[in-house]
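Colleague: Could you take me through one part of this model in detail? I'd like a close look at the charged side chains, and then a word on what surrounds them.

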Amino acid sequence: MSDSRMFSILTLLLVVPASLSVHGAISGAEYSTTEISTTSLHCWQEEEFSILTECARCNPFQMKSWVPCERTGFIEKINCAKSNKVEYKSCRSSRMDERLFWRFEGIMMCLTVVLVLVVIARQRTLDHLASEKVRRQILSI
């Protein structure tokens with residue numbers, strides 16, 4: 001097997017799974033989009049609200065039973081200003097986003113190190129082939 005083929009296969013084996021896991025394709029975490037009719041709008045979609053409790057992780061029971069928890073796994077308790085309703089709203093946790101960011105950075109750094117090693121190995125192989133070619137040319141004179 002030639003070195004370029006080996007390099008291509010190694011690249012595919014390393015880059016594709018890493019990029020898929022970073023973008024969530026492997027985890028299967030896809031969010032469904034649903035149409036919202038004007039009659040089923042929550043109060044926080046129509047009016048101003050204040051946050052009663054900050055964004056917090058849902059427990060396993062809430063993840064299965066509460067619709068707001070299903071989307072992101074985090075909810076916050078809000079109070080709508082006009083209607084004075086207390087509702088729960090799905091939210092994004094800054095801690096979760098930061099953890100995902102650093103996981104992505106770690107994967108990219110590891111991938112960088114691996115690919116640098118692959119490039120160094122490939123360069124050594126090419127240097128060896130070039131020196132062999134020069135040696136053969138000198139011997140043939």
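Modeller: Here is the part around strands β2 and β3, followed by the long helix at the end.

Bear in mind that this is a predicted model. For orientation, the protein chain has five helices and three strands, and from the N terminus they come in the order α-α-β-α-α-β-β-α. Buried residues are 17% of the 141 in the chain. Of the contacts with a separation of 6 or more, 49% are between residues 24 or more positions apart. The accessible surface is about 11,100 Å², with 61% of that belonging to carbon and sulfur atoms.

Now to the strands. Glu76 and Lys89 pair up through their side chains in a salt bridge, at 3.5 Å from N to O. Glu76 sits in strand β2 and Lys89 in strand β3, so this pair ties together parts that are 13 residues apart in sequence. Both partners are buried: Glu76 has a relative accessible area of 8%, and Lys89 has 16%, which puts Lys89 under the 20% cut-off for buried. If you set aside the neighbours within four places in sequence, Lys89 touches Glu76 again, along with Trp44, Phe49, Pro68, Phe74, Ile75 and Ile78.

Glu87 is another residue of strand β3, which covers residues 86–90. Glu87 is buried too, but this one has no salt bridge. The nearest side chain of opposite charge is Lys85, at 4.3 Å, and a salt bridge needs a nitrogen within 4 Å of a carboxyl oxygen, so Lys85 doesn't qualify. Again leaving out the neighbours within four places, Glu87 is in contact with His42, Cys43 and Trp44, and also with Glu76, Lys77 and Ile78. Trp44 and Ile78 turn up in the contacts of Lys89 as well.

Between the two strands, have a look at the loop that links β2 (74–80) to β3, where you'll find Asn84. Asn84 isn't a glycine, yet its phi is positive, at about 60°. Most residues other than glycine have a negative phi. Asn84 is exposed, with a relative accessible area of 56%.

What about the other charged pairs? The whole structure has three salt bridges. Besides the one between the strands, Asp97 and Arg92 meet at 2.5 Å, N to O, with Asp97 partly exposed at 29% relative accessibility. The other joins Glu132 and Arg135 at 3.0 Å, N to O. These two are both in helix α5, three residues apart, or about one turn of the helix. Glu132 is partly exposed at 24%, and so is Arg135 at 42%.

That brings us to helix α5 itself, which runs over residues 94–139. An unreviewed UniProt entry annotates residues 100–121 as a "transmembrane region". In the model that span is 100% helix and 0% strand, and its end C-alpha atoms are 32 Å apart. On the surface, Val113, Val116, Leu117 and Ile120 form a nonpolar patch with about 340 Å² of accessible area together. Ile120, one of the four, belongs to helix α5 and is partly exposed, with a relative accessible area of 39%.

Notes. Residues are numbered from 1 along each chain as its sequence is written. This is a predicted model: local features need pLDDT of at least 70, side-chain atom pairs count only at pLDDT 80 or more; totals for chains, interfaces and linings use all residues. Side-chain values use heavy atoms; hydrogens and water are left out. Patches are made of residues with over 30% relative accessible area and no salt bridge: like charges are joined within 9 Å, nonpolar side chains (Val, Leu, Ile, Met, Phe, Trp, Tyr) within 5 Å. Accessible areas come from the Shrake-Rupley method with a 1.4 Å probe; for residues, only the protein chains shown count as cover. Buried means under 20% relative accessible area, exposed over 50%, partly exposed in between (1.4 Å probe, protein chains only). UniProt positions are given in the numbering used here, feature names are shortened, and annotations may be inferred rather than shown by experiment. Lys and Arg count as positive and Asp and Glu as negative; His and the chain ends are not counted. Contact means heavy atoms within 4.5 Å.
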